[in-house]
Amino acid sequence: MSATGRAALVLSHVSKSFASPAGRAPTLALRDVSLSVPQGGFTTLLGPSGCGKTTLLRLADGLLTPDAGSVEVFGAPPRPGPDIGFVFQSYRLLPWASALGNVEFALRSTGLAAPERRARARDWLDRVGMGGFGDAHPGALSGGMRQRVALARALACEPKLLLMDEPFASLDAHSRELMQGELTALWQRTGAAVLFVTHSVDEAITLSDTVVLMSPRPGRVSETLEIDLPRPRRGAAFFGSADYGRMRTHLAEAMREMVMSDPGSEFYGRDR
């Protein structure tokens with residue numbers, strides 16, 4: 001999908017720090033970060049632990065404010081609401097509610113009447129392949145099924161910007177690949193802008209239009225790489241291609257160098 005129109009999300013020279021225990025200096029999580037997510041585009045934040053990826057998402061959804069710089073979503077300061085969807089790694093489903101009830105709950109913020117909420121929730125469960133499990137509670141579902149419900153919950157509000165914090169990290173390899181395909185199809189269908197966080201080089205290349213490589217402590221933009229490979233991105237022909245191999249090697253080596261040179265990493269100072 002090609003991105004069109006104005007930017008969905010713009011961060012300009014953003015810095016963010018957090019208070020530390022008494023007597024210690026504040027922890028600087030992000031320093032002078034600038035990036036743009038185009039409308040309809042799929043941008044991935046890739047980097048090791050400690051580079052502020054989750055903090056950046058929280059700034060984008062308006063739950064945190066920057067110490068310096070500015071954050072704009074479609075030209076205005078971000079505010080939590082139905083225009084911004086969030087998918088977490090840990091699902092965060094209501095354990096006492098059914099799959100259908102979880103999606104309906106999110107739709108309360110849209111102002112839809114109860115019958116419309118129920119119809120839209122059923123429709124989105126169908127779209128993510130969970131139509132036959134609307135009455136099931138999260139405890140009775142597998143990890144992949146719970147993440148499908150979480151995705152339906154976020155997309156049912158028809159957000160213009162979808163924020164995703166390592167949503168597939170806890171899934172097995174097969175489920176992760178299937179969910180990547182589902183997400184790509186839903187993104188292409190809805191036209192939402194996506195800002196996706198991952199530690200996986202393979203996942204970043206498979207999903208993204210743009211990969212923003214971040215370095216740690218404090219988080220900074222190290223490099224921005226356009227992924228101009230044709231879709232769909234799957235199968236031996238794709239993963240065995242020279243273009244894919246070149247991008248993967250470049251990003252993996254850059255990630256490795258960051259970890260090895262980060263004083264806060266357990267691998268710091270080891271033989272490279």
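In this predicted model, E182 touches R127 and R148, leaving out residues up to four places away in sequence. E182 itself sits in helix α5, which spans residues 173-190. With a relative accessible area of 27%, E182 counts as partly exposed, because that class begins where the buried one, under 20%, ends and exposed starts only over 50%. A look along the chain gives a further reference point: E182 and V212 are separated by 30 residues in sequence, and their C-alpha atoms are 22 Å apart in space.

V212 also appears in the surroundings of another residue, T44. T44 belongs to strand β3, residues 42-46. Is T44 buried or exposed? Its relative accessible area is 0%, so T44 is buried. The residues that T44 touches, again not counting those up to four places away in sequence, are F196, T198, A204, S208, T210, V211 and V212.

One of these contacts, A204, leads on to helix α6. This helix covers residues 201-207 and contains T206. At 10% relative accessibility, T206 is buried as well. A polar atom of the T206 side chain lies 2.8 Å from the backbone oxygen of D202. Beyond its neighbours within four places in sequence, T206 is in contact with Q180, R231, R233, F238 and F239.

The pairs of helices come next. Two packed helices are described by the angle between their axes and the distance between those axes. For helix α2 (residues 99-106) and helix α4 (residues 143-156), the axes come within 8 Å and cross at roughly 25°. The two helices are therefore roughly parallel to each other, since angles under 35 degrees fall in that class. The crossing of α2 and α4 is right-handed. On the α2 side, the residues that meet the partner helix are A99, N102, V103 and A106, while α4 contributes V149, A152, R153 and A156. Sorted by class, this contact has 6 nonpolar residues, 1 polar and 1 charged.

Helix α4 also packs with helix α3, which runs over residues 114-127. Here the axes are 9 Å apart and the angle is about 130°. Consequently, α3 and α4 are described as oblique to each other. Their crossing, too, is right-handed. R120, W124 and L125 of α3 make the contact with V149, A152, L155 and A156 of α4. The contact of α3 with α4 is made up of 6 nonpolar residues and 1 charged residue, with no polar ones. V149, A152 and A156 of α4 thus appear in the contact with α2 and again in the contact with α3.

How many of the 8 residues of helix α1 are buried? The count is 7, so this helix, residues 53-60, is largely enclosed by the rest of the structure. The buried residues are K53, T55, L56, L57, R58, L59 and A60. After α1 comes G62, which has a positive phi near 85°.

Finally, S241 is found in the loop between α7 (235-239) and α8 (242-260). Its relative accessible area of 24% makes S241 partly exposed. S241 and G50 are 191 residues apart along the chain, and 32 Å separates their C-alpha atoms.

Note on methods:
Residues are numbered from 1 along each chain as its sequence is written. This is a predicted model: local features need pLDDT of at least 70, side-chain atom pairs count only at pLDDT 80 or more; totals for chains, interfaces and linings use all residues. Side-chain values use heavy atoms; hydrogens and water are left out. Axes are lines fitted to C-alpha atoms, for helices over the stretch in contact, and angles run from 0 to 180 degrees between N-to-C directions. Helices (H or I, at least four residues) and strands (E, at least two) are DSSP runs, numbered from the N terminus. Angles under 35 degrees count as roughly parallel, over 145 as roughly antiparallel, 65 to 115 as roughly perpendicular and the rest as oblique. A crossing is left-handed if the near helix is turned anticlockwise from the far one by less than a right angle, and right-handed if clockwise. Contact means heavy atoms within 4.5 Å. Ala, Val, Leu, Ile, Met, Phe, Trp, Tyr, Cys and Pro count as nonpolar, Asp, Glu, Lys and Arg as charged, and the others, Gly among them, as polar. Buried means under 20% relative accessible area, exposed over 50%, partly exposed in between (1.4 Å probe, protein chains only). A polar contact is a pair of N or O atoms within 3.5 Å; within protein, one must be able to donate a hydrogen and the other to accept it, and residues adjacent in sequence count only if both atoms are side-chain atoms.
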